[in-house]
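Please open the model in your viewer and keep the selection tool at hand. The tour moves from one selection to the next and says what is found at each stop.

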Amino acid sequence: MSPVPPDDLIRSPHPRLRAFVGDYVGYDISGAPAGTHLGLPSGTMTFIVAIGEPLQQYIPGSDTVESFDVLLAGLHLKPTLIRHNGSMVGVQVNFSPFAPRIFFDMPAVEFAHHSLDLSDIARPIAVELHERVNAATSWPERFDAIDDVLLRAAHGGGAPRAEVLESWRRIAHSHGDLPVSLVADEVGWSRRHLNGQFRAEFGIGPKEAARVVRFDRARRMIKSGRAPLAEVAAVCGYTDQSHLNRDFKLLTGKNPTAWFEDDPIVHRSGADGAAEFEERSL
């Protein structure tokens, strides 16, 4: 495929989807050294439609590689390992953790800490997405196809408890900089009860969610290259640069500089779409 300007690689979904679906981000990477790309933890679920070759995820514990035409990964606290031969093409859809309820009538906890091929839970949706995105000949056509499929798949499944929804929103909108004790007070629950209900919905606790959301903001700033690490740490609510380094290593296995320098895909991945969701009830 010929190179595409970054602005053409990212688009907001249809307005009716924006409460629970973030940007569509196309990627067309070629000419990188073959190797392993780190899929990093974030405050969104990762939904990828592969174009051409399936996405290859290496599973260290079993020393195997799994292939995905349409991947849906839940919230996680460790990097996923994506094997590639120097090129990857696809569309990443940034899913709110409430999106699985809307499309598949399943809570996010069912996907936590692992990846699934969408065909395992919603085969008709997965097949249509993969076929239409792969048949399209331009990025706008691919994004239109995803809009069409998701709009028809959305059925307004049962929402989580209002306190869980509000807790997630407060953590996300503060970029992870709101103490969990304050979140619990604001929704009228004890910290212990909030932790249990939050884990039952998402598969991670509120403190872990705050850490991941803060990290994700820092990662995007580091990737942009527009600020030194000390400034990133200050803006993102870390105590200091050492605190940033510790959290970064906890969630990626590397410090920020090593992550940026060791993964050539980071330099070639073009637009890095932030998953912003409108202030609307589900």
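Begin by selecting Ser115, which is found in strand 10 (residues 115-117); bear in mind throughout that this is a predicted model. With a relative accessible area of 11%, Ser115 is buried, because that value falls under 20%. Show its side chain together with that of Gln57, and a polar contact of 3.0 Å can be drawn between the two. If neighbours within four places in sequence are set aside, the residues in contact with Ser115 are Gln57, Phe68, Leu71, Leu72 and Ala73.

Turn next to the rings, which form 13 aromatic pairs. Select Phe47 and Phe95, whose ring centres are 4.7 Å apart; their planes stand at 50°, so the pair is tilted. Phe47 belongs to strand 4 (residues 45-50) and Phe95 to strand 9 (residues 88-95), so this pair ties together parts that are 48 residues apart in sequence. Both Phe47 and Phe95 are buried. Extending the selection to Phe20, Phe103 and Phe104 brings up a cluster, in which ring pairs link these residues with Phe47 and Phe95.

Now select Trp168 and Phe198, with ring centres 5.9 Å apart and planes at 25°, so that this pair is stacked. Here helix 4 (residues 162-173), which holds Trp168, is linked to helix 6 (residues 191-202), which holds Phe198, across 30 residues. Trp168 is buried at a relative accessible area of 7%, and Phe198 is buried as well, at 0%.

Two further stops pair a ring with a charge. At Tyr58, the charged end of Arg83 sits over the ring, 4.1 Å from its centre; at Trp139, the charged end of Arg142 sits over the ring, 4.5 Å from its centre.

Finish with the salt bridges, of which the structure holds 16. Select Arg132 and Asp148, where the closest N and O atoms are 2.5 Å apart. Arg132 lies in helix 2 (residues 123-135) and Asp148 in helix 3 (residues 139-153), so the bridge ties together parts that are 16 residues apart in sequence. Arg132 is partly exposed, with a relative accessible area of 32%, and Asp148 is likewise partly exposed, at 30%. Adding Glu128 and Arg152 to the selection shows a network of salt bridges that links them with Arg132 and Asp148.

For a last selection, take Arg199 and Glu208, whose side chains meet in a salt bridge at 3.2 Å, N to O; Arg199 is partly exposed, at 35% relative accessibility.

Note on methods:
Residues numbered from 1 in each chain as written. Predicted model: local features only at pLDDT ≥ 70, side-chain atom pairs only at ≥ 80, totals over all residues. Heavy atoms only, no water. Phe/Tyr/Trp six-rings, centres within 6.5 Å; stacked < 30°, edge-to-face > 60°. Helix = DSSP H or I, 4+ residues; strand = E, 2+ residues; numbered from the N terminus. Buried < 20%, exposed > 50% of the residue type's maximum accessible area, 1.4 Å probe, protein only. Lys NZ or Arg CZ within 6 Å of the ring centre and 35° of its normal. Polar contact = N/O pair within 3.5 Å; in protein donor to acceptor, adjacent residues only side chain to side chain. Contact = heavy atoms within 4.5 Å. Salt bridge = Lys/Arg side-chain N within 4 Å of Asp/Glu carboxyl O.
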